[in-house]
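Work through these exercises with the model open beside you. Try each task before you read its solution.

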Amino acid sequence: MNRTRRSLLGAGGSLLAASAFAGCLDDLDLAEREYDTGYAALFSLWDWAEQVSGETMAFENPVGTGESGHGWSPPGDLTRDIADAGVFVYLDTPEFAWAQDIASTLEADYDDVIVVDGFAGLDDQLLEWDHETGSGGHDHENDTETHEDGEHDHEDEEHSHEDGHEHEDENHSEDDGHEHEDENHSEDDGHEHEDENHSEDDGHEHEDENHSEDDGHEHEDENHSEDDGHEHGDDGHDHDHDRSSFDPHAWLDPVLAQDILENIVDGLVEAHPDEEETFRANADEYVDVLEDVDQQFEALIEDADRRTAVFAGHDSFTYLEDRYGFELHTPVGVSPNEEPSQSEISETIDHIDENGIDTILYDAFDAPEGQHPPLVGTLLDGSDATDAMPLATASGTLASWEEQGWGYREQMEEINIPAFREALDAQ
């Protein structure tokens with residue numbers, strides 16, 4: 001295990017003593033602060049943080065009802081509000097640039113704020129924007145996971161979870177925490193990341209942001225080095241790694257969602273070490289929920305008469321397509337700002353008729369009052385399809401869903417799974 005810290009060569013004994021003292025003060029600040037509230041930058045992250053924290057903390061989603069967070073502009077005082085709360089859960093991806101900016105400010109200026117990247121350690125599982133999906137689906141043979149606690153075995157996917165998540169070919173190994181060999185995470189009663197260069201020794205050590213705190217706070221180009229405090233490694237929160245080529249919608253995959261959930265648990269444990277057992281028990285219960293959603297998708301695809309459907313919007317569901325082996329044909333593409341050409345619309349109509357598709361899918365946020373979006377009307381008028389149903393991206397919530405108390409699980413079970421059953425003819 002290679003632990004990396006910025007060297008203090010030449011500083012002398014007095015400087016080393018001062019640094020150690022500053023580190024102790026930093027630990028004291030974390031220990032004395034009360035973390036009663038937090039913020040999560042995405043609806044699903046908010047839901048999961050609430051599920052894990054239970055009665056210990058209360059989380060807030062700053063993105064309003066009816067909004068998804070893509071391209072969202074936060075109010076000017078949000079960073080201060082999050083700093084006052086003390087915990088920020090987000091996804092370090094340019095699709096949520098506003099959250100990236102807030103996270104960078106928090107890490108640079110607030111030593112006692114805990115910033116949790118839900119994608120930490122998951123880069124090799126994220127899909128490229130141009131990733132091709134189809135009936136071949138996810139490579140289940142190389143996705144060997146076994147859920148011992150959740151008793152969730154797929155013949156081809158074989159999930160393995162021992163007190164957490166073990167992914168042999170996705171290269172996750174967890175021993176009372178997370179050890180990732182190929183993602184190079186090694187955790188010993190905490191988190192040590194070799195290749196991502198996270199070393200946590202009585203806290204978090206992040207080197208590439210190189211925070212140096214010596215009797216206070218020294219910020220050199222936001223280069224922080226904390227001794228017995230926080231050091232960020234290569235895949236810490238330095239934002240130097242570029243995720244712009246990755247599709248960020250990984251939270252829709254109920255299998256990858258379990259790894260995001262684990263990152264949230266680790267952040268909450270840092271805020272409340274004495275509540276670790278409670279947090280992990282709550283997370284284990286919710287993993288059962290995610291595994292059940294996974295099984296429902298598996299059963300749906302097994303019953304499906306076709307492996308292709310049409311979605312009248314930009315495709316946010318690539319992770320589901322890749323996981324379960326179906327394809328969404330869309331005339332729009334991956335960008336929410338793209339408008340389809342007439343030839344793309346004609347091609348989509350041909351695809352509907354050639355595959356006997358009767359139900360067209362669309363984004364519920366494009367029709368919050370229940371009416372069909374214009375593109376859906378065009379496709380229904382020009383094809384043999386007779387019906388349309390909404391899908392939920394679980395990045396936000398609508399007023400009607402909020403009134404019913406729906407979270408991630410309900411959006412998947414009440415909206416997405418029934419819609420896919422109709423569209424893929426899995427009745």
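What share of the contacts in the protein with a separation of 6 or more comes from residues 24 or more positions apart? The share is 69%. Keep in mind that this is a predicted model.

**Exercise 1. Take stock of the whole protein.**

Solution.
Step 1: Count the elements. The protein has 11 helices and 14 strands.
Step 2: Look at burial. The chain has 427 residues, and 55% of them count as buried.
Step 3: Turn to the surface. The accessible area is about 17,900 Å². Carbon and sulfur atoms hold 40% of that area.

**Exercise 2. Work out the strand order of the open sheet, then find what packs on it.**

Solution.
Step 1: Read the order. Four strands make up this open sheet, in the order 2-1-3-4, and they pair in parallel.
Step 2: Find the edges. Strand 2 (58–60) and strand 4 each have a single partner strand, so one side of each lacks a neighbour in the sheet.
Step 3: Check the twist. On average, neighbouring strands are turned by 20° against each other, direction ignored.
Step 4: Zoom in on one pair. Strand 1 (residues 37–40) runs parallel to strand 2, and three bridges join them. One residue to locate is G38, whose bridge partner in strand 2 is F59.
Step 5: Add the helices. Helix 2 (residues 43–53) lies across strand 1, strand 2 and strand 3. Its direction is at about 175° to strand 2. Helix 3 also packs on the sheet, where it touches strand 1 and strand 3. The direction of helix 3 makes about 135° with that of strand 1.

**Exercise 3. Compare the span of helix 4 with the expected span, then find its buried residues and their packing partners.**

Solution.
Step 1: Take the length. Helix 4 covers residues 97–109, which is 13 residues.
Step 2: Compare spans. From first C-alpha to last, helix 4 reaches 18 Å, close to the 18 Å expected at 1.5 Å a residue.
Step 3: List the buried residues. They are W98, A99, Q100, I102, A103, L106, E107 and A108.
Step 4: Name the partners. The buried residues of helix 4 pack against helix 3 (78–85), strand 3 (87–90) and strand 4 (114–117).

**Exercise 4. Is strand 13 enclosed or open? Show how it pairs with strand 14.**

Solution.
Step 1: Count burial. Five of the five residues of strand 13 are buried, so the strand is largely enclosed by the rest of the structure.
Step 2: Separate the faces. On one side sit T359, L361 and D363, and on the other I360 and Y362; all are buried.
Step 3: Find the pairing. Five bridges join strand 13 and strand 14 in the parallel sense. Among the residues involved, D363 has L391 in strand 14 as its bridge partner.
Step 4: Follow one residue of strand 14. M389 belongs to this strand. Leaving aside neighbours within four places in sequence, M389 is in contact with T359, I360, L361, Y362, P418, A419 and E422. The C-alpha atoms of M389 and I415 are 8.6 Å apart, though 26 residues separate the two along the chain.

**Exercise 5. Classify the ring pair F365 and W401.**

Solution.
Step 1: Start with the total. The protein has 12 aromatic pairs.
Step 2: Check the geometry. The ring centres of F365 and W401 are 6.3 Å apart and the planes stand at 80°, so this pair is edge-to-face. The cut-off for that class is over 60 degrees.
Step 3: Place the residues. F365 is in the loop between strand 13 (359–363) and helix 9 (374–382), while W401 is in helix 10 (residues 399–403). The pair links distant parts of the chain, 36 residues apart.
Step 4: Test burial. Buried means under 20% relative accessible area. F365 has 16%, so it counts as buried. W401 has 6%, so it is buried too.
Step 5: Look for a group. F297, F311, F317, Y324, F326 and F420 form one aromatic cluster.

**Exercise 6. Which values of phi do A394 and D425 have? Say where each residue sits.**

Solution.
Step 1: Recall the background. Most residues other than glycine have a negative phi.
Step 2: Take A394. Its phi is positive, about 60°, although A394 is not a glycine. A394 lies in the loop between strand 14 (387–391) and helix 10. Its relative accessibility is 0%, so A394 counts as buried.
Step 3: Take D425. Its phi is also positive, about 55°, and D425 is not a glycine. D425 lies in the segment after helix 11 (408–423). With a relative accessible area of 31%, D425 is partly exposed.

Key:
Residues are numbered from 1 along each chain as its sequence is written. This is a predicted model: local features need pLDDT of at least 70, side-chain atom pairs count only at pLDDT 80 or more; totals for chains, interfaces and linings use all residues. Side-chain values use heavy atoms; hydrogens and water are left out. Helices (H or I, at least four residues) and strands (E, at least two) are DSSP runs, numbered from the N terminus. The expected span of a helix is 1.5 Å times one less than its number of residues. Buried means under 20% relative accessible area, exposed over 50%, partly exposed in between (1.4 Å probe, protein chains only). Contact means heavy atoms within 4.5 Å. Accessible areas come from the Shrake-Rupley method with a 1.4 Å probe; for residues, only the protein chains shown count as cover. Rings of Phe, Tyr and Trp (its six-membered ring) pair if their centres lie within 6.5 Å; planes under 30 degrees apart count as stacked, over 60 as edge-to-face and the rest as tilted. Two strands pair if DSSP finds at least two bridges between them. Axes are lines fitted to C-alpha atoms, for helices over the stretch in contact, and angles run from 0 to 180 degrees between N-to-C directions.
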